[in-house]
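Good morning, colleagues. Please look at the sequence and structure on the screen while I speak.

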Amino acid sequence: MIQTAVAIAIVAGCVGYVVWRWWSVWSGKTAGRGGCRRCPPAPRGELGSARPTAPARKPTDLNEVVRHSMAVVMNQLAVNHVDLALDLMAELPAAFADSNQIQQVVVNLLLNAADAIGPDGGRIRIITGIARIPPRGHAVVRRATCPRGHELMDPAVRIGGLAGIRLLARADGPDLTVHLDPVYGRAQNLGFGSIHEGVETSFCCPECRRDLVVPEQPCPVCGAPLIAFLAAPGDPVHFCSRKGCRHSDWPSQDLAGDRSLVELRVEDSGKGIQPEDLPRLFEPFFSTKGNRGTGLGLAVTWGIVESHEGTIEVESRVGEWTHFTVRLPLAPQS
Ligand SMILES: [Zn+2]
Ligand SMILES: [Zn+2]
């Protein structure tokens, strides 16, 4: 039977998660540590073992990193009879990256590809270029406070590997702790835990209990009150208070528009990844290789990309191919 579906996991900033997870709000009761089946469990200690040291970032030629990485894995590729093709963009703008850490990423992806190909041979293609990425679906909230400066990021509850944004919700029942997905605006699924569909909910800071409603600025879609937290002083992120309405906006990101990133793709003609394995692919100790791999390779890869504030995506067709795409910020213009 030919499997035609292409399974995609998008890892925004990190352990990407499957496509229905964006900007969800979760009840603390159901989304607590280990309680949410779709969340990577990622207890801090465990993920910590896959977390790299802080990157020493400077302007880095990704093409150069690719050439060094190939030298490292050449023997392994030869053993697997891999046909390697390079499609490197000439005059590629510099990434803002730690070249040693990114080399580890490229080596991991190449070894992973060689492994997917197995001993009978196949093709790997490495492509570099520039990608234009819209903020919606990609920008990640990495800092969040209430207007009085209380911290809202909650590293104890991770959504797609990233710290969730913790708020207190008040609707028709007792107060609930909820966590917002820190990835901006992707196919929002405002769950609001046990809150009923259509109910307007008030949200407040869990520390000072200050109401986070935005005065005199209703939701442009449904007219319900808008809620705001701050991604930086003077940089509000808004979402609609009514469960079921999917509106959100992040004015500073929307105004800045599409962002250019340096892109690296590793394509292989290997056995592909089972759709059910995609959501766990970047978890520490998850391995599709039986006893052969330690399972840390892709978790380390994820951790490095995340620490660069980059993204990693994987697309795969079972029995045919897998494509990994890593995107890294450009080096600041001097
Ligand atoms: Zn507060
Ligand atoms: Zn609305």
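I shall discuss one helix and then some backbone angles.

Please bear in mind that this is a predicted model. I begin with helix H3, which covers residues 62–79. At 1.5 Å a residue, its 18 residues should span 26 Å, and the end C-alpha atoms do lie 26 Å apart, so the two values agree. Helix H3 nevertheless contains a kink of about 55 degrees, centred on Val73.

Which residues of H3 are buried? They are Leu62, Val65, Val66, Ser69 and Val73; Val73 is thus both a buried residue and the centre of the kink. In an α-helix there are 3.6 residues a turn, so residues three or four places apart point the same way. The buried residues of H3 pack against helix H4 (99–117) and against four strands: S3 (58–60), S5 (95–97), S6 (122–133) and S15 (259–268).

I turn now to phi. Most residues other than glycine have a negative phi. After H3 comes His81, with a positive phi near 55 degrees.

Glu91 also has a positive phi, near 50 degrees, and is not a glycine. This residue sits in the loop between strand S4 (82–87) and S5. Is Glu91 buried or exposed? Glu91 counts as exposed because it has 5 C-beta neighbours inside 10 Å, and the cut-off for exposed is 12 or fewer.

Glu309, likewise not a glycine, has a positive phi of about 55 degrees. Its loop lies between helix H6 (297–307) and strand S16 (311–317). With 15 other C-beta atoms within 10 Å, Glu309 is partly exposed.

Methods:
Residues are numbered from 1 along each chain as its sequence is written. Chains are lettered from A and ligands numbered from 1 in the order in which they are written. This is a predicted model: local features need pLDDT of at least 70, side-chain atom pairs count only at pLDDT 80 or more; totals for chains, interfaces and linings use all residues. Helices (H or I, at least four residues) and strands (E, at least two) are DSSP runs, numbered from the N terminus. The expected span of a helix is 1.5 Å times one less than its number of residues. The bend at a residue is the angle between axes fitted to the seven residues ending there and the seven starting there. A residue is buried if 20 or more other C-beta atoms lie within 10 Å of its own, exposed if 12 or fewer, and partly exposed in between; C-beta atoms are placed from the backbone. Two residues are in contact if their C-beta atoms, placed from the backbone, lie within 7 Å.
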